[in-house]
Amino acid sequence: MNSKLFRKFIVSAGTLLLVTAAAKLVSASGNARILQFLDPIFGVSFRLVFLAVGALELIVALICLFGDQMRLQAGLVAWLATSFFIYRVALFLSAYHGPCHCLGN
């Protein structure tokens, strides 16, 4: 595998995660009513979910942007993507039709 191309992928993923982490963390500090509702999967407020996921994304982003262990970086990106997929499947299976589609479609 071309390590230069792989490095570009890791940096791109890190950059995207940095942007989405910032968006989640800023959103969590707002006063939108949706932030008070309970997440149907975890049973905690969406504010807490945004804070936790934003923090995880930030950590993975920083490791991707400043780390040098490509296997770790790739593994973290794969783990995070798989976690998002599992969360979305769980929402689908629970037939959740919440007040907001802002959590991703």
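In which loop is D39 found? In this predicted model, D39 sits in the loop that connects α1, residues 3-28, with α2, residues 46-66. The surroundings of this residue are taken up again below, after an account of the overall fold.

The protein contains three helices and zero strands, and its elements follow the order α-α-α from the N terminus. The third helix, α3, covers residues 70-93. Measured out along the principal axes, the C-alpha atoms fill a box of roughly 45 × 30 × 20 Å. The chain has 105 residues, of which 23% count as buried. The accessible surface of the protein is about 7,000 Å², and 71% of it is supplied by carbon and sulfur atoms. Among contacts with a separation of 6 or more, 58% come from residues 24 or more positions apart.

The search of the whole structure returned one salt bridge. This pair is formed by K24 and E57, with 3.1 Å between the closest N and O atoms. The two residues belong to distant parts of the chain, K24 to helix α1 and E57 to helix α2, and are 33 residues apart. Side chains of opposite charge can pair when their charged atoms come close. The two partners were also assessed for exposure. K24 counts as partly exposed because its relative accessibility is 22%, above the 20% under which a residue is called buried. E57 has a relative accessibility of 2% and therefore counts as buried.

D39, in the loop between α1 and α2, is a charged residue without such a partner. The residue is buried but has no salt bridge. The nearest side chain of opposite charge is that of R88, at 8.4 Å, whereas a salt bridge requires the nitrogen and the carboxyl oxygen to lie within 4 Å. The side chain of D39 does make a polar contact with the side chain of Y87, at 2.3 Å. Y87 also appears among the residues that D39 touches once those up to four places away in sequence are set aside; the others are V44, F46 and V49.

Two further residues of the loop between α1 and α2 were examined, namely S29 and N31. S29 has a relative accessible area of 59% and is therefore exposed. Its side chain reaches the backbone oxygen of V26 at a distance of 2.7 Å. The C-alpha atom of S29 is separated by 25 Å from that of L65, a residue 36 places away along the chain. N31 is likewise classed as exposed, because its relative accessible area is 72%. Between the C-alpha atoms of N31 and F84, which are 53 residues apart along the chain, the separation is 24 Å.

Helix α3 holds both Q73 and L76. With a relative accessible area of 1%, Q73 is buried. Beyond its neighbours within four places in sequence, Q73 is in contact with R7, I10, I63, C64, G67 and D68. Of these, R7 and I10 fall within the residue range given for α1, and I63 and C64 within that given for α2. I63 is also touched by L76, as is V60, when residues up to four places away in sequence are not counted. The C-alpha atoms of L76 and I63 are separated by 8.8 Å, with their positions 13 residues apart along the chain.

A nonpolar patch of about 590 Å² lies on the surface and is made by F85, I86, V89, F92 and L93. L93 is located in helix α3, which spans residues 70-93. This residue counts as exposed because its relative accessible area is 66%, over the 50% cut-off for that class.

A95 follows in the segment after α3. Most residues other than glycine have a negative phi. A95 is not a glycine, yet its phi is positive, at about 60 degrees. The relative accessible area of A95 is 49%, so the residue is classed as partly exposed.

Conventions: Residues are numbered from 1 along each chain as its sequence is written. This is a predicted model: local features need pLDDT of at least 70, side-chain atom pairs count only at pLDDT 80 or more; totals for chains, interfaces and linings use all residues. Side-chain values use heavy atoms; hydrogens and water are left out. Helices (H or I, at least four residues) and strands (E, at least two) are DSSP runs, numbered from the N terminus. Buried means under 20% relative accessible area, exposed over 50%, partly exposed in between (1.4 Å probe, protein chains only). Lys and Arg count as positive and Asp and Glu as negative; His and the chain ends are not counted. A polar contact is a pair of N or O atoms within 3.5 Å; within protein, one must be able to donate a hydrogen and the other to accept it, and residues adjacent in sequence count only if both atoms are side-chain atoms. Contact means heavy atoms within 4.5 Å. Patches are made of residues with over 30% relative accessible area and no salt bridge: like charges are joined within 9 Å, nonpolar side chains (Val, Leu, Ile, Met, Phe, Trp, Tyr) within 5 Å. Accessible areas come from the Shrake-Rupley method with a 1.4 Å probe; for residues, only the protein chains shown count as cover.
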